[in-house]
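This report goes through the model in front of you, beginning with the place where two chains meet and then turning to the parts of one chain. Please keep the structure open while reading.

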Amino acid sequence: MKKLINTPDTLVDEELAGMAAAHADLIRIEAPNVIVRKDAPRQGKVGVISGGGSGHEPMHGGFVGLGMLDAACPGAVFTSPVPDQMLAATKAVSGGAGVLHIVKNYTGDIMNFEIAAELAGAEGIDVEAVVMADDVAVKDSLYTAGRRGVGGTVLAEKIVGAAAEAGADLATVKALCQKVQDNVRSMGMALTSCTVPAAGKPTFDIGDDEMEIGIGIHGEPGRERRKLATADEITEALATPILDDMPFQKGDRVLAFVNGMGGTPLIELYVVFRKLHEIVAGRGITIERNLVGNYITSLEMAGCSITLLKLDDELVRFWDAPVHTPALRWGV
Amino acid sequence: MGITTADLASVLEVFADRIRAAREELTALDSAIGDADHGINMDRGMTAVRELLPGLRDGDAGTLFKQSGMKLISTVGGASGPLYGTLFLRMGTALADAHEVSTEQLAAALRAALEGVVQRGKAVLDDKTMIDAMTPAVEAFEAAADSDLHVALTAAASAAAAGRDRVTPLIARKGRASYLGERSANHQDPGATSTTILFESLRDGLGTSG
(Lines give C-alpha, C1' and ligand atoms only; values in the text may rest on other atoms or scores of the structure.)
Protein backbone atom coordinates (compact mmCIF):
# COMPACT_ATOMS: atom_id res chain seq x y z
CA MET A 1 0.00 0.00 0.00
CA LYS A 2 1.32 3.39 -1.02
CA LYS A 3 -0.63 6.31 0.43
CA LEU A 4 -0.02 9.86 1.53
CA ILE A 5 -0.95 9.21 5.15
CA ASN A 6 0.66 9.07 8.57
CA THR A 7 -1.22 6.13 10.02
CA PRO A 8 -4.58 4.59 9.07
CA ASP A 9 -5.81 5.08 12.65
CA THR A 10 -5.27 8.85 12.65
CA LEU A 11 -6.32 9.49 9.04
CA VAL A 12 -9.86 10.81 9.56
CA ASP A 13 -8.93 12.92 12.59
CA GLU A 14 -6.02 14.49 10.73
CA GLU A 15 -8.16 15.14 7.66
CA LEU A 16 -10.75 16.93 9.82
CA ALA A 17 -8.05 19.00 11.51
CA GLY A 18 -6.81 20.00 8.07
CA MET A 19 -10.30 20.93 6.90
CA ALA A 20 -10.87 23.01 10.02
CA ALA A 21 -7.61 24.87 9.41
CA ALA A 22 -8.31 25.42 5.71
CA HIS A 23 -11.95 26.43 5.96
CA ALA A 24 -12.29 28.15 9.31
CA ASP A 25 -14.49 30.80 7.65
CA LEU A 26 -17.09 28.15 6.73
CA ILE A 27 -16.99 25.28 9.21
CA ARG A 28 -16.00 24.14 12.66
CA ILE A 29 -15.27 20.64 13.93
CA GLU A 30 -17.08 19.42 17.04
CA ALA A 31 -16.61 16.23 19.01
CA PRO A 32 -17.22 13.42 18.24
CA ASN A 33 -16.08 14.06 14.65
CA VAL A 34 -18.86 16.29 13.36
CA ILE A 35 -18.33 19.00 10.72
CA VAL A 36 -20.68 21.88 11.52
CA ARG A 37 -21.47 25.04 9.59
CA LYS A 38 -19.74 27.88 11.36
CA ASP A 39 -22.89 29.89 12.12
CA ALA A 40 -25.06 26.92 13.18
CA PRO A 41 -27.58 26.70 14.71
CA ARG A 42 -29.60 29.32 12.87
CA GLN A 43 -32.85 30.07 14.66
CA GLY A 44 -35.95 29.15 12.69
CA LYS A 45 -34.05 27.40 9.90
CA VAL A 46 -34.50 23.70 9.20
CA GLY A 47 -31.18 21.95 9.80
CA VAL A 48 -29.98 19.65 7.04
CA ILE A 49 -27.42 17.00 7.90
CA SER A 50 -25.93 13.99 6.22
CA GLY A 51 -23.18 11.56 6.92
CA GLY A 52 -21.53 8.38 5.85
CA GLY A 53 -18.25 6.62 5.76
CA SER A 54 -15.12 8.62 4.99
CA GLY A 55 -13.29 8.03 1.72
CA HIS A 56 -15.89 9.78 -0.48
CA GLU A 57 -14.46 13.27 -0.16
CA PRO A 58 -15.52 15.94 -0.75
CA MET A 59 -18.87 14.34 0.16
CA HIS A 60 -20.22 15.05 2.79
CA GLY A 61 -17.97 17.36 4.83
CA GLY A 62 -17.01 19.41 1.80
CA PHE A 63 -20.66 20.32 1.32
CA VAL A 64 -21.15 21.97 4.71
CA GLY A 65 -21.79 25.70 4.47
CA LEU A 66 -24.16 28.35 3.15
CA GLY A 67 -26.95 26.90 1.04
CA MET A 68 -26.09 23.23 1.48
CA LEU A 69 -25.52 21.08 4.60
CA ASP A 70 -25.56 22.39 8.17
CA ALA A 71 -23.49 19.46 9.39
CA ALA A 72 -21.88 16.24 8.23
CA CYS A 73 -20.85 13.13 10.16
CA PRO A 74 -17.85 11.27 8.76
CA GLY A 75 -17.42 7.67 9.86
CA ALA A 76 -14.30 5.57 9.55
CA VAL A 77 -13.30 4.90 5.94
CA PHE A 78 -16.28 3.28 4.17
CA THR A 79 -18.03 2.73 7.51
CA SER A 80 -21.22 4.42 8.61
CA PRO A 81 -20.75 6.98 11.37
CA VAL A 82 -22.18 6.13 14.79
CA PRO A 83 -25.41 7.46 16.36
CA ASP A 84 -23.46 9.65 18.82
CA GLN A 85 -22.16 11.67 15.86
CA MET A 86 -25.54 12.05 14.20
CA LEU A 87 -27.13 13.04 17.51
CA ALA A 88 -24.40 15.62 18.16
CA ALA A 89 -24.82 16.99 14.62
CA THR A 90 -28.60 17.12 14.97
CA LYS A 91 -28.34 19.05 18.24
CA ALA A 92 -25.65 21.39 16.86
CA VAL A 93 -27.84 22.50 13.93
CA SER A 94 -31.24 22.45 15.59
CA GLY A 95 -32.72 25.97 15.42
CA GLY A 96 -36.20 24.98 16.51
CA ALA A 97 -37.56 24.22 13.04
CA GLY A 98 -36.56 20.57 12.92
CA VAL A 99 -33.74 18.68 11.25
CA LEU A 100 -33.67 16.64 8.04
CA HIS A 101 -31.38 13.60 7.83
CA ILE A 102 -30.30 12.79 4.27
CA VAL A 103 -29.36 9.11 4.46
CA LYS A 104 -27.80 7.02 1.73
CA ASN A 105 -29.37 3.58 1.41
CA TYR A 106 -26.87 1.31 3.10
CA THR A 107 -27.87 -1.10 5.84
CA GLY A 108 -25.48 0.39 8.39
CA ASP A 109 -26.25 4.03 7.60
CA ILE A 110 -29.98 3.40 7.92
CA MET A 111 -29.69 1.63 11.29
CA ASN A 112 -27.33 4.21 12.80
CA PHE A 113 -29.44 7.16 11.60
CA GLU A 114 -32.58 5.42 12.95
CA ILE A 115 -31.03 5.08 16.39
CA ALA A 116 -29.90 8.74 16.26
CA ALA A 117 -33.37 9.94 15.21
CA GLU A 118 -34.90 8.03 18.15
CA LEU A 119 -32.41 9.65 20.53
CA ALA A 120 -32.98 13.15 19.06
CA GLY A 121 -36.74 12.66 19.24
CA ALA A 122 -36.37 11.81 22.92
CA GLU A 123 -34.64 15.19 23.34
CA GLY A 124 -37.54 17.02 21.70
CA ILE A 125 -36.06 17.66 18.25
CA ASP A 126 -38.28 16.98 15.22
CA VAL A 127 -36.29 14.77 12.86
CA GLU A 128 -37.33 13.58 9.43
CA ALA A 129 -35.25 11.38 7.15
CA VAL A 130 -35.11 10.80 3.42
CA VAL A 131 -33.26 7.80 2.05
CA MET A 132 -31.35 8.31 -1.20
CA ALA A 133 -31.31 5.20 -3.42
CA ASP A 134 -30.47 6.15 -7.00
CA ASP A 135 -28.05 3.48 -8.26
CA VAL A 136 -29.70 1.64 -11.18
CA ALA A 137 -26.94 -1.01 -11.13
CA VAL A 138 -28.69 -2.66 -8.19
CA LYS A 139 -32.01 -4.37 -8.67
CA ASP A 140 -34.59 -2.88 -6.35
CA SER A 141 -36.36 -5.98 -5.17
CA LEU A 142 -37.24 -7.94 -2.06
CA TYR A 143 -34.02 -9.84 -2.62
CA THR A 144 -31.57 -6.99 -2.15
CA ALA A 145 -31.04 -4.23 0.39
CA GLY A 146 -32.44 -1.94 -2.34
CA ARG A 147 -30.66 0.53 -4.54
CA ARG A 148 -27.57 2.24 -3.17
CA GLY A 149 -27.43 5.95 -2.53
CA VAL A 150 -24.77 7.42 -4.82
CA GLY A 151 -24.38 10.56 -6.99
CA GLY A 152 -27.96 11.73 -6.57
CA THR A 153 -27.12 12.44 -2.95
CA VAL A 154 -24.80 15.32 -3.93
CA LEU A 155 -27.54 16.94 -6.00
CA ALA A 156 -30.12 16.42 -3.24
CA GLU A 157 -27.86 18.06 -0.65
CA LYS A 158 -27.41 21.14 -2.87
CA ILE A 159 -31.08 21.53 -3.77
CA VAL A 160 -32.48 20.75 -0.33
CA GLY A 161 -29.88 22.97 1.33
CA ALA A 162 -30.98 25.88 -0.86
CA ALA A 163 -34.62 25.38 0.10
CA ALA A 164 -33.78 25.26 3.81
CA GLU A 165 -31.68 28.40 3.40
CA ALA A 166 -34.68 30.12 1.79
CA GLY A 167 -36.77 29.34 4.87
CA ALA A 168 -38.80 26.30 3.79
CA ASP A 169 -40.31 24.31 6.67
CA LEU A 170 -39.38 20.72 7.58
CA ALA A 171 -42.25 19.07 5.68
CA THR A 172 -41.45 21.09 2.54
CA VAL A 173 -37.73 20.35 2.77
CA LYS A 174 -38.42 16.64 3.22
CA ALA A 175 -40.84 16.55 0.27
CA LEU A 176 -38.28 18.32 -1.92
CA CYS A 177 -35.60 15.80 -0.99
CA GLN A 178 -37.99 12.98 -1.84
CA LYS A 179 -38.74 14.71 -5.16
CA VAL A 180 -35.03 14.72 -6.01
CA GLN A 181 -34.79 11.03 -5.06
CA ASP A 182 -37.79 10.20 -7.26
CA ASN A 183 -36.27 11.98 -10.27
CA VAL A 184 -32.60 11.01 -10.11
CA ARG A 185 -30.77 7.93 -11.40
CA SER A 186 -27.06 6.99 -11.41
CA MET A 187 -24.62 4.28 -12.39
CA GLY A 188 -20.87 3.91 -11.93
CA MET A 189 -17.89 1.92 -13.15
CA ALA A 190 -14.32 1.24 -12.04
CA LEU A 191 -11.06 0.76 -13.89
CA THR A 192 -9.09 -0.04 -10.74
CA SER A 193 -9.79 -1.04 -7.15
CA CYS A 194 -9.28 1.15 -4.12
CA THR A 195 -7.37 0.27 -0.96
CA VAL A 196 -8.99 0.83 2.43
CA PRO A 197 -6.07 2.19 4.50
CA ALA A 198 -6.74 -0.04 7.50
CA ALA A 199 -7.03 -3.10 5.25
CA GLY A 200 -3.77 -2.29 3.42
CA LYS A 201 -4.69 -4.30 0.32
CA PRO A 202 -6.85 -3.54 -2.72
CA THR A 203 -10.49 -4.40 -2.07
CA PHE A 204 -10.71 -6.41 -5.28
CA ASP A 205 -8.37 -7.70 -7.96
CA ILE A 206 -8.94 -6.48 -11.47
CA GLY A 207 -6.88 -7.20 -14.56
CA ASP A 208 -5.19 -4.50 -16.65
CA ASP A 209 -7.63 -5.26 -19.46
CA GLU A 210 -10.78 -5.41 -17.31
CA MET A 211 -13.35 -3.04 -15.85
CA GLU A 212 -16.18 -3.37 -13.35
CA ILE A 213 -19.55 -2.04 -14.50
CA GLY A 214 -22.07 -1.12 -11.82
CA ILE A 215 -19.49 -0.51 -9.10
CA GLY A 216 -20.61 0.98 -5.81
CA ILE A 217 -18.78 3.76 -4.01
CA HIS A 218 -17.06 1.44 -1.52
CA GLY A 219 -15.17 -0.71 -3.98
CA GLU A 220 -17.89 -3.29 -3.54
CA PRO A 221 -17.74 -5.21 -6.79
CA GLY A 222 -20.37 -4.34 -9.37
CA ARG A 223 -22.63 -6.75 -11.15
CA GLU A 224 -20.48 -7.39 -14.16
CA ARG A 225 -16.81 -7.70 -15.06
CA ARG A 226 -16.10 -6.80 -18.69
CA LYS A 227 -13.19 -6.35 -21.03
CA LEU A 228 -11.95 -2.79 -20.99
CA ALA A 229 -13.71 -0.61 -23.58
CA THR A 230 -13.38 2.93 -24.95
CA ALA A 231 -14.69 5.98 -23.07
CA ASP A 232 -17.55 6.25 -25.58
CA GLU A 233 -18.56 2.60 -25.07
CA ILE A 234 -18.34 2.97 -21.29
CA THR A 235 -20.46 6.14 -21.38
CA GLU A 236 -23.07 4.28 -23.45
CA ALA A 237 -23.00 1.34 -21.00
CA LEU A 238 -23.73 3.68 -18.08
CA ALA A 239 -26.12 6.12 -19.76
CA THR A 240 -28.44 3.58 -21.38
CA PRO A 241 -29.60 1.81 -18.18
CA ILE A 242 -30.06 5.22 -16.51
CA LEU A 243 -32.11 6.68 -19.37
CA ASP A 244 -34.22 3.53 -19.68
CA ASP A 245 -34.88 3.19 -15.96
CA MET A 246 -37.27 6.02 -15.05
CA PRO A 247 -37.50 6.37 -18.08
CA PHE A 248 -36.26 9.77 -19.20
CA GLN A 249 -38.28 10.92 -22.20
CA LYS A 250 -38.06 13.18 -25.21
CA GLY A 251 -38.53 16.77 -24.12
CA ASP A 252 -37.19 16.20 -20.59
CA ARG A 253 -34.80 18.73 -19.09
CA VAL A 254 -31.99 17.23 -17.03
CA LEU A 255 -29.01 18.01 -14.85
CA ALA A 256 -26.12 15.79 -16.00
CA PHE A 257 -23.49 14.97 -13.39
CA VAL A 258 -20.29 13.23 -14.48
CA ASN A 259 -18.40 12.24 -11.36
CA GLY A 260 -14.89 10.95 -10.93
CA MET A 261 -14.25 8.11 -8.46
CA GLY A 262 -11.10 9.79 -7.12
CA GLY A 263 -8.40 8.45 -9.43
CA THR A 264 -9.66 9.69 -12.77
CA PRO A 265 -8.52 13.06 -14.11
CA LEU A 266 -10.86 15.74 -15.43
CA ILE A 267 -9.49 15.31 -18.95
CA GLU A 268 -11.15 11.87 -19.02
CA LEU A 269 -14.34 13.03 -17.30
CA TYR A 270 -14.88 15.64 -20.02
CA VAL A 271 -14.51 12.93 -22.68
CA VAL A 272 -17.32 11.11 -20.90
CA PHE A 273 -19.40 14.29 -20.67
CA ARG A 274 -18.95 14.90 -24.40
CA LYS A 275 -20.37 11.47 -25.25
CA LEU A 276 -23.11 11.73 -22.64
CA HIS A 277 -24.18 15.04 -24.14
CA GLU A 278 -24.41 13.38 -27.55
CA ILE A 279 -26.40 10.37 -26.27
CA VAL A 280 -28.83 12.49 -24.28
CA ALA A 281 -29.35 14.98 -27.14
CA GLY A 282 -29.97 12.02 -29.45
CA ARG A 283 -32.97 11.12 -27.32
CA GLY A 284 -34.37 14.64 -27.52
CA ILE A 285 -33.44 15.44 -23.93
CA THR A 286 -31.85 18.77 -22.97
CA ILE A 287 -28.97 19.07 -20.50
CA GLU A 288 -29.86 22.34 -18.76
CA ARG A 289 -27.37 22.16 -15.93
CA ASN A 290 -24.27 20.07 -15.31
CA LEU A 291 -21.64 19.18 -12.79
CA VAL A 292 -18.32 17.59 -13.79
CA GLY A 293 -15.61 16.63 -11.32
CA ASN A 294 -14.70 14.45 -8.33
CA TYR A 295 -17.52 14.96 -5.80
CA ILE A 296 -18.45 11.49 -4.50
CA THR A 297 -15.37 9.35 -4.62
CA SER A 298 -14.02 5.96 -3.57
CA LEU A 299 -10.60 6.88 -2.28
CA GLU A 300 -8.13 6.51 -5.20
CA MET A 301 -10.32 4.34 -7.39
CA ALA A 302 -10.17 5.13 -11.11
CA GLY A 303 -13.54 5.25 -12.80
CA CYS A 304 -16.59 7.42 -13.05
CA SER A 305 -20.30 7.59 -12.46
CA ILE A 306 -23.06 9.30 -14.35
CA THR A 307 -26.11 10.83 -12.67
CA LEU A 308 -29.12 12.31 -14.41
CA LEU A 309 -31.72 14.38 -12.56
CA LYS A 310 -34.96 15.33 -14.29
CA LEU A 311 -35.43 19.06 -13.76
CA ASP A 312 -38.34 21.42 -13.39
CA ASP A 313 -38.32 25.15 -12.66
CA GLU A 314 -38.29 24.61 -8.90
CA LEU A 315 -35.27 22.30 -9.00
CA VAL A 316 -33.41 24.65 -11.36
CA ARG A 317 -34.09 27.60 -9.06
CA PHE A 318 -32.69 25.79 -6.00
CA TRP A 319 -29.73 24.40 -7.98
CA ASP A 320 -28.83 27.93 -9.11
CA ALA A 321 -29.22 29.43 -5.63
CA PRO A 322 -26.02 30.65 -3.91
CA VAL A 323 -23.80 28.04 -2.28
CA HIS A 324 -20.58 28.52 -0.36
CA THR A 325 -18.94 25.34 0.94
CA PRO A 326 -15.40 23.98 0.78
CA ALA A 327 -16.20 21.99 -2.39
CA LEU A 328 -19.00 23.88 -4.17
CA ARG A 329 -19.24 27.61 -4.51
CA TRP A 330 -21.25 29.86 -6.78
CA GLY A 331 -23.53 32.89 -6.59
CA VAL A 332 -21.67 34.41 -3.63
CA MET B 1 -23.55 -22.48 41.23
CA GLY B 2 -24.69 -20.28 38.35
CA ILE B 3 -22.72 -18.22 35.89
CA THR B 4 -21.24 -15.10 37.47
CA THR B 5 -20.79 -11.68 35.92
CA ALA B 6 -17.03 -12.31 36.01
CA ASP B 7 -17.57 -15.48 33.96
CA LEU B 8 -19.55 -13.50 31.39
CA ALA B 9 -16.89 -10.78 31.34
CA SER B 10 -14.38 -13.53 30.53
CA VAL B 11 -16.57 -14.54 27.59
CA LEU B 12 -16.39 -10.99 26.25
CA GLU B 13 -12.65 -11.02 26.74
CA VAL B 14 -12.34 -14.28 24.81
CA PHE B 15 -14.60 -12.78 22.11
CA ALA B 16 -12.34 -9.71 21.90
CA ASP B 17 -9.26 -11.95 21.60
CA ARG B 18 -10.80 -14.12 18.91
CA ILE B 19 -12.07 -11.14 16.92
CA ARG B 20 -8.57 -9.69 17.07
CA ALA B 21 -7.16 -13.01 15.83
CA ALA B 22 -9.78 -13.25 13.08
CA ARG B 23 -9.51 -9.59 12.08
CA GLU B 24 -7.78 -10.26 8.76
CA GLU B 25 -9.94 -13.27 7.96
CA LEU B 26 -13.18 -11.36 8.59
CA THR B 27 -11.97 -8.42 6.53
CA ALA B 28 -10.94 -10.75 3.70
CA LEU B 29 -14.39 -12.39 3.72
CA ASP B 30 -15.95 -8.92 3.67
CA SER B 31 -13.70 -7.84 0.76
CA ALA B 32 -15.15 -10.62 -1.35
CA ILE B 33 -18.81 -9.71 -0.88
CA GLY B 34 -18.96 -6.50 1.14
CA ASP B 35 -16.83 -3.48 1.80
CA ALA B 36 -13.71 -4.85 3.45
CA ASP B 37 -14.17 -3.52 6.96
CA HIS B 38 -15.92 -6.13 9.14
CA GLY B 39 -12.83 -7.36 10.95
CA ILE B 40 -11.45 -3.85 11.39
CA ASN B 41 -14.72 -2.51 12.80
CA MET B 42 -15.44 -5.41 15.13
CA ASP B 43 -11.89 -5.30 16.45
CA ARG B 44 -12.18 -1.56 17.13
CA GLY B 45 -15.45 -2.14 19.01
CA MET B 46 -14.33 -5.13 21.06
CA THR B 47 -11.05 -3.42 21.93
CA ALA B 48 -13.13 -0.59 23.41
CA VAL B 49 -15.38 -3.09 25.22
CA ARG B 50 -12.33 -4.88 26.65
CA GLU B 51 -11.23 -1.66 28.33
CA LEU B 52 -14.59 -1.49 30.15
CA LEU B 53 -14.48 -5.04 31.50
CA PRO B 54 -12.33 -4.54 34.63
CA GLY B 55 -14.85 -1.98 35.88
CA LEU B 56 -17.87 -4.19 35.16
CA ARG B 57 -16.93 -7.70 36.20
CA ASP B 58 -17.87 -7.19 39.85
CA GLY B 59 -21.30 -5.72 39.06
CA ASP B 60 -24.44 -7.32 37.67
CA ALA B 61 -24.64 -9.11 34.33
CA GLY B 62 -27.25 -6.70 33.00
CA THR B 63 -24.93 -3.72 33.39
CA LEU B 64 -22.05 -5.66 31.85
CA PHE B 65 -23.98 -6.34 28.65
CA LYS B 66 -25.74 -2.96 28.52
CA GLN B 67 -22.47 -1.02 28.79
CA SER B 68 -20.81 -3.32 26.26
CA GLY B 69 -23.71 -2.85 23.82
CA MET B 70 -23.66 0.93 24.17
CA LYS B 71 -19.91 0.91 23.60
CA LEU B 72 -20.26 -1.14 20.42
CA ILE B 73 -22.99 1.19 19.07
CA SER B 74 -20.79 4.22 19.68
CA THR B 75 -17.52 2.80 18.34
CA VAL B 76 -18.20 0.29 15.55
CA GLY B 77 -20.40 2.07 13.00
CA GLY B 78 -21.47 0.25 9.87
CA ALA B 79 -24.20 -2.33 10.26
CA SER B 80 -22.26 -4.40 12.80
CA GLY B 81 -22.37 -1.65 15.44
CA PRO B 82 -26.16 -1.39 15.71
CA LEU B 83 -26.60 -5.16 15.29
CA TYR B 84 -24.05 -6.40 17.83
CA GLY B 85 -24.89 -3.41 20.03
CA THR B 86 -28.56 -4.39 20.02
CA LEU B 87 -27.62 -8.03 20.67
CA PHE B 88 -25.76 -7.10 23.86
CA LEU B 89 -28.28 -4.43 24.95
CA ARG B 90 -31.11 -6.97 24.82
CA MET B 91 -29.04 -9.48 26.80
CA GLY B 92 -28.43 -6.69 29.28
CA THR B 93 -32.14 -5.99 29.64
CA ALA B 94 -32.90 -9.70 30.05
CA LEU B 95 -30.22 -10.10 32.72
CA ALA B 96 -30.90 -6.83 34.58
CA ASP B 97 -29.69 -6.95 38.22
CA ALA B 98 -28.62 -10.61 37.94
CA HIS B 99 -25.37 -11.42 39.75
CA GLU B 100 -25.71 -15.11 39.06
CA VAL B 101 -27.24 -16.40 35.86
CA SER B 102 -28.83 -19.83 35.41
CA THR B 103 -28.68 -21.73 32.15
CA GLU B 104 -32.40 -20.98 31.67
CA GLN B 105 -31.81 -17.27 32.18
CA LEU B 106 -28.97 -17.33 29.69
CA ALA B 107 -31.23 -19.10 27.19
CA ALA B 108 -33.90 -16.42 27.67
CA ALA B 109 -31.28 -13.67 27.26
CA LEU B 110 -29.99 -15.19 24.02
CA ARG B 111 -33.55 -15.49 22.71
CA ALA B 112 -34.18 -11.80 23.52
CA ALA B 113 -30.90 -10.90 21.81
CA LEU B 114 -31.91 -12.79 18.67
CA GLU B 115 -35.28 -11.03 18.59
CA GLY B 116 -33.52 -7.67 18.94
CA VAL B 117 -31.14 -8.35 16.07
CA VAL B 118 -34.01 -9.49 13.83
CA GLN B 119 -35.98 -6.37 14.70
CA ARG B 120 -33.06 -4.01 14.03
CA GLY B 121 -31.76 -5.64 10.87
CA LYS B 122 -35.07 -6.90 9.47
CA ALA B 123 -33.35 -9.99 8.10
CA VAL B 124 -34.96 -13.42 7.96
CA LEU B 125 -33.44 -16.89 7.71
CA ASP B 126 -31.64 -17.57 4.42
CA ASP B 127 -30.94 -13.87 3.74
CA LYS B 128 -27.33 -14.93 4.41
CA THR B 129 -26.62 -12.82 7.49
CA MET B 130 -25.63 -13.29 11.14
CA ILE B 131 -29.21 -14.45 11.75
CA ASP B 132 -28.43 -17.69 9.92
CA ALA B 133 -25.78 -18.56 12.51
CA MET B 134 -27.54 -17.06 15.51
CA THR B 135 -30.98 -18.63 15.06
CA PRO B 136 -29.85 -22.29 15.08
CA ALA B 137 -27.38 -21.52 17.87
CA VAL B 138 -30.08 -20.09 20.13
CA GLU B 139 -32.44 -22.94 19.28
CA ALA B 140 -29.77 -25.55 20.03
CA PHE B 141 -28.94 -23.87 23.33
CA GLU B 142 -32.62 -23.80 24.34
CA ALA B 143 -33.08 -27.43 23.39
CA ALA B 144 -30.12 -28.50 25.55
CA ALA B 145 -30.59 -25.96 28.35
CA ASP B 146 -31.94 -28.51 30.85
CA SER B 147 -28.83 -30.67 30.47
CA ASP B 148 -25.27 -29.72 31.35
CA LEU B 149 -24.29 -26.10 30.56
CA HIS B 150 -21.21 -27.17 28.64
CA VAL B 151 -23.26 -29.58 26.52
CA ALA B 152 -25.68 -26.77 25.67
CA LEU B 153 -22.86 -24.34 24.85
CA THR B 154 -21.14 -26.90 22.65
CA ALA B 155 -24.41 -27.61 20.82
CA ALA B 156 -24.94 -23.88 20.29
CA ALA B 157 -21.44 -23.28 18.90
CA SER B 158 -21.72 -26.26 16.55
CA ALA B 159 -25.15 -25.11 15.37
CA ALA B 160 -23.80 -21.61 14.68
CA ALA B 161 -20.95 -22.99 12.58
CA ALA B 162 -23.33 -25.30 10.73
CA GLY B 163 -25.68 -22.39 10.06
CA ARG B 164 -22.80 -20.26 8.81
CA ASP B 165 -21.72 -23.02 6.42
CA ARG B 166 -25.25 -23.87 5.36
CA VAL B 167 -25.83 -20.42 3.83
CA THR B 168 -22.45 -20.12 2.10
CA PRO B 169 -23.86 -21.38 -1.23
CA LEU B 170 -26.84 -19.00 -1.05
CA ILE B 171 -27.33 -15.61 -2.69
CA ALA B 172 -27.24 -12.79 -0.13
CA ARG B 173 -30.46 -10.79 0.23
CA LYS B 174 -29.49 -8.23 2.87
CA GLY B 175 -26.62 -5.83 3.39
CA ARG B 176 -23.98 -4.88 0.87
CA ALA B 177 -23.49 -8.48 -0.27
CA SER B 178 -26.99 -8.37 -1.76
CA TYR B 179 -25.84 -5.87 -4.40
CA LEU B 180 -23.81 -8.66 -5.97
CA GLY B 181 -26.79 -10.87 -6.72
CA GLU B 182 -25.62 -14.28 -7.90
CA ARG B 183 -22.00 -13.33 -7.43
CA SER B 184 -22.51 -13.49 -3.66
CA ALA B 185 -23.17 -17.25 -3.84
CA ASN B 186 -20.44 -19.58 -2.58
CA HIS B 187 -18.85 -16.91 -0.41
CA GLN B 188 -18.88 -17.38 3.36
CA ASP B 189 -20.81 -14.60 5.10
CA PRO B 190 -18.64 -12.40 7.35
CA GLY B 191 -21.49 -11.62 9.79
CA ALA B 192 -22.41 -15.28 10.23
CA THR B 193 -18.70 -15.92 10.78
CA SER B 194 -18.29 -13.35 13.57
CA THR B 195 -21.52 -14.62 15.19
CA THR B 196 -20.10 -18.13 15.17
CA ILE B 197 -17.01 -16.74 16.90
CA LEU B 198 -19.32 -15.22 19.54
CA PHE B 199 -20.92 -18.61 20.31
CA GLU B 200 -17.52 -20.32 20.33
CA SER B 201 -16.38 -17.67 22.80
CA LEU B 202 -19.40 -18.40 24.98
CA ARG B 203 -18.54 -22.10 24.89
CA ASP B 204 -14.86 -21.63 25.67
CA GLY B 205 -15.25 -18.69 28.06
CA LEU B 206 -17.86 -20.49 30.18
CA GLY B 207 -16.38 -23.94 29.66
CA THR B 208 -15.36 -24.43 33.25
CA SER B 209 -18.15 -22.65 35.11
CA GLY B 210 -21.74 -23.54 35.93
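## Where the two chains meet

In this predicted model, 26 residues of chain B are in contact with 32 residues of chain A. On the chain B side, the elements that give two or more residues to the surface touching chain A are α2 (23-33), α3 (38-56), α4 (61-75) and α5 (80-94) of chain B. Of these, α4(B) gives the most, with three residues.

The composition of this side can also be stated by residue class: the residues of chain B that touch chain A divide into seven nonpolar, 12 polar and seven charged.

## The two domains of chain A

Chain A is divided into domain 1, which takes in residues 8-182 together with 319-330, and domain 2, which covers 184-318. The centres of domain 1 of chain A and domain 2 of chain A, taken over C-alpha atoms, are separated by 22 Å.

Between these domains, 29 residues of domain 1 of chain A are in contact with 33 residues of domain 2 of chain A. On the domain 1 side, α4 (152-165), α5 (170-182) and α8 (313-320) of chain A each supply at least two residues, and the largest share, seven residues, comes from α4(A). The residues of the side of domain 1 of chain A that touches domain 2 of chain A divide into 18 nonpolar, six polar and five charged.

## The six-stranded sheet of chain A

Chain A also holds an open sheet of six strands, with mixed pairing, in which the strands follow the order β1-β2-β4-β3-β5-β6. The edge strands are β1 (27-30) and β6 (127-132) of chain A, each of which pairs on one side only. Neighbouring strands of this sheet are turned against each other by 25° on average, with direction ignored.

Within the sheet, strand β2 (residues 34-37) of chain A and strand β4 (residues 71-77) of chain A pair in the antiparallel sense over two bridges. For Val36(A), the bridge partner in β4(A) is Ala71(A).

## A helix that packs on the sheet

Which strands does α4(A) touch where it packs on the sheet? The helix α4(A) touches β3 (47-54), β5 (99-104) and β6 of chain A, and its direction makes about 170° with that of β5(A). This helix thus appears in two of the descriptions given here: α4(A) packs on the sheet, and α4(A) also provides seven residues of the side of domain 1 of chain A that touches domain 2 of chain A.

Key. Residues are numbered from 1 along each chain as its sequence is written. Chains are lettered from A and ligands numbered from 1 in the order in which they are written. This is a predicted model: local features need pLDDT of at least 70, side-chain atom pairs count only at pLDDT 80 or more; totals for chains, interfaces and linings use all residues. Domain bounds come from an automatic or database domain assignment. Two residues are in contact if their C-beta atoms, placed from the backbone, lie within 7 Å. Helices (H or I, at least four residues) and strands (E, at least two) are DSSP runs, numbered from the N terminus. Ala, Val, Leu, Ile, Met, Phe, Trp, Tyr, Cys and Pro count as nonpolar, Asp, Glu, Lys and Arg as charged, and the others, Gly among them, as polar. Two strands pair if DSSP finds at least two bridges between them. Axes are lines fitted to C-alpha atoms, for helices over the stretch in contact, and angles run from 0 to 180 degrees between N-to-C directions.
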